[in-house]
Amino acid sequence: MQKPDIRDIPVTELEKYLQQRQEHTFRAKQIQEWLWKKAASSFEEMTNLPVSLRQSLADSFDIRRILIEAEQKSADETTKVRFRLFDGNRVEGVLIPAKKRVTACVSSQCGCSLDCRFCATGQMKLARNLSAGEIFQQVVLLNQKAEVRYGRPITNIVFMGMGEPLLNYRNVLSAINRISSPEGLHFSARRITVSTAGIAKLIRKLADDQVRFELALSLHAANDAVRSKIMPINDSNPIDQLMDALDYFYRLTGNKITFEYILFDGINDSPEDARQLVDLCRRVPAMVNIIEYNPVQGLPFRQSPLKKREAFVRILESRGITAKVRLSRGKDIDAACGQLANK
């Protein structure tokens, strides 16, 4: 019988477990500190616990480690890591260095169920959600890798890896709480961004839960006809519903919102597309990240030409919209946006 991961056990249940074994309940706090602040990967590391308790914990629980199975380094210094989970499933994470920051891109699911037409991950089947502990451990291992590779820790975390974070809502929020709390890694929630393909009711739930992290919407088209063709989720979550949910999110949290917009040649890169995007930005206070399309083998999409991209950005900026062109990193190792597929 498989032992439960102790990181999934609530503190109250852990205290009951200790009471049943006539151990002091303050040990629960010590165990939690080892798990979330010191990121212990074994019970043997918990040296302020009695040996008998460490053995009892090892007999009753597991700490399901994830292992770095493979690593690739891009010519532009981007690092892609493949993690092997306890059950043999695999996910990928990416480190993206810049002058003043190192961004860790983490996954929330093994595969994805949304079938966005342009995305390599979307061509995979969804195997399962990641646990909060697995998401947390990705961050720990990527931070260790950043220290070794770049000589400095990660400064930003983006949930833009494999999977749709809001479809693993409870575990993603639990992991972020552990990452950002003083009892965990004490990483600023304002330096965490969760990217969603757009699930209106769950965006509203984020607002009701008063989250502190920033939110990015993978928009990629400013009208329903185009968006539904490239992102089937738009059929059940049309743009009007998403804008209303984002407005609600902003009013309740005040957190920054970003529209992610990949430019596809001949699909969403016309002047009219740009003007429609301006209209959406006036409904919701958001900045726009313009993203290069990264080719995926077997898919028919092409990158928008430079002149069309420049004209698109000029229209946004001329109407007072903050727009940044996000140049792709790690394309040569399939580590760029939309390319993660355990290759």
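A residue counts as exposed when its relative accessible area is over 50%, as buried when that area is under 20%, and as partly exposed in between. Keep that scale in mind as we walk through this structure, which is a predicted model.

Let's start with Lys73, which sits in strand β1, the stretch covering residues 67–73. Its relative accessible area is 52%, and because the cut-off for exposed is over 50%, Lys73 lands in the exposed class. Now look across to Arg149. Lys73 and Arg149 are 76 residues apart along the sequence, yet their C-alpha atoms are 10.0 Å apart in space.

Step back along the chain to Arg65, in the loop between α3 and β1. With 45% relative accessibility, Arg65 is partly exposed. What does it touch? Setting aside neighbours within four places in sequence, Arg65 is in contact with Ser41, Arg84, Phe86 and Gln137. Gly198 is another story: it is 133 residues from Arg65 in sequence and 31 Å from it in space, C-alpha to C-alpha.

Now for helix α4, where you'll find Gln138. Is Gln138 buried or exposed? It has a relative accessible area of just 1%, so it is buried. Leaving out residues up to four places away in sequence, Gln138 touches Ile66, Phe83, Val91, Glu92, Val106, Ser107 and Leu130.

Helix α4 also has a helical partner. It spans residues 132–150 and packs with helix α5, residues 169–180, at an angle of about 45°, the two axes lying 8 Å apart. That angle makes α4 oblique to α5. The crossing of the two helices is right-handed. On the α4 side, the residues that meet α5 are Ala132, Ile135, Phe136 and Val139; on the α5 side, they are Asn171, Val172, Ser174, Ala175, Arg178 and Ile179. Sorted by class, this contact has seven nonpolar residues, two polar ones and one charged one. If you're wondering about the spacing of names like these, an α-helix has 3.6 residues a turn, so residues three or four places apart point the same way.

Helix α5 turns up again when we get to α6. Which residues of α6 are buried? They are Ala200, Leu202, Ile203, Leu206 and Ala207. These buried residues pack against α5, along with strand β8 (192–196), strand β9 and helix α8 (239–253).

Just after α6 comes Gln210, with a positive phi near 55°. Gln210 belongs to the loop that links α6 (200–208) to β9 (214–218). That phi is worth a look, as it is a positive value in a residue other than glycine. At 44% relative accessibility, Gln210 is partly exposed.

Ala39 makes a nice companion to it. Here too phi is positive in a residue other than glycine, this time near 50°. You'll find Ala39 in the loop between α2 (26–37) and α3 (51–60), and its 25% relative accessibility puts it in the partly exposed class.

Further along the chain there is another pair of helices to compare with α4 and α5. Helix α9, residues 271–283, and helix α10, residues 306–318, have axes that come within 9 Å and cross at roughly 30°. Why are these two called roughly parallel? The label applies to angles under 35 degrees, and theirs is roughly 30°, so α9 and α10 are roughly parallel to each other. Their crossing is right-handed. From α9, the contact takes in Pro271, Asp273, Ala274, Arg275, Leu277 and Val278, while α10 brings Phe312, Ile315 and Leu316. By class, that comes to seven nonpolar, no polar and two charged residues.

Last stop: the cysteines. How many disulfides does the structure hold? The count is zero. Take Cys110, which is in no disulfide: the nearest cysteine sulfur belongs to Cys112 and is 11 Å away. A disulfide needs the two sulfur atoms to be within 2.5 Å, so a separation of 11 Å doesn't qualify. Cys110 is buried, with a relative accessibility of 3%. Cys281 is buried as well, at 7% relative accessible area.

Technical notes: Residues numbered from 1 in each chain as written. Predicted model: local features only at pLDDT ≥ 70, side-chain atom pairs only at ≥ 80, totals over all residues. Heavy atoms only, no water. Axes fitted to C-alpha atoms, helices over the stretch in contact; angles between N-to-C directions. Helix = DSSP H or I, 4+ residues; strand = E, 2+ residues; numbered from the N terminus. Parallel < 35°, antiparallel > 145°, perpendicular 65-115°, else oblique. Left-handed = near helix turned anticlockwise from the far one by under 90°. Contact = heavy atoms within 4.5 Å. Nonpolar A, V, L, I, M, F, W, Y, C, P; charged D, E, K, R; others polar. Buried < 20%, exposed > 50% of the residue type's maximum accessible area, 1.4 Å probe, protein only.
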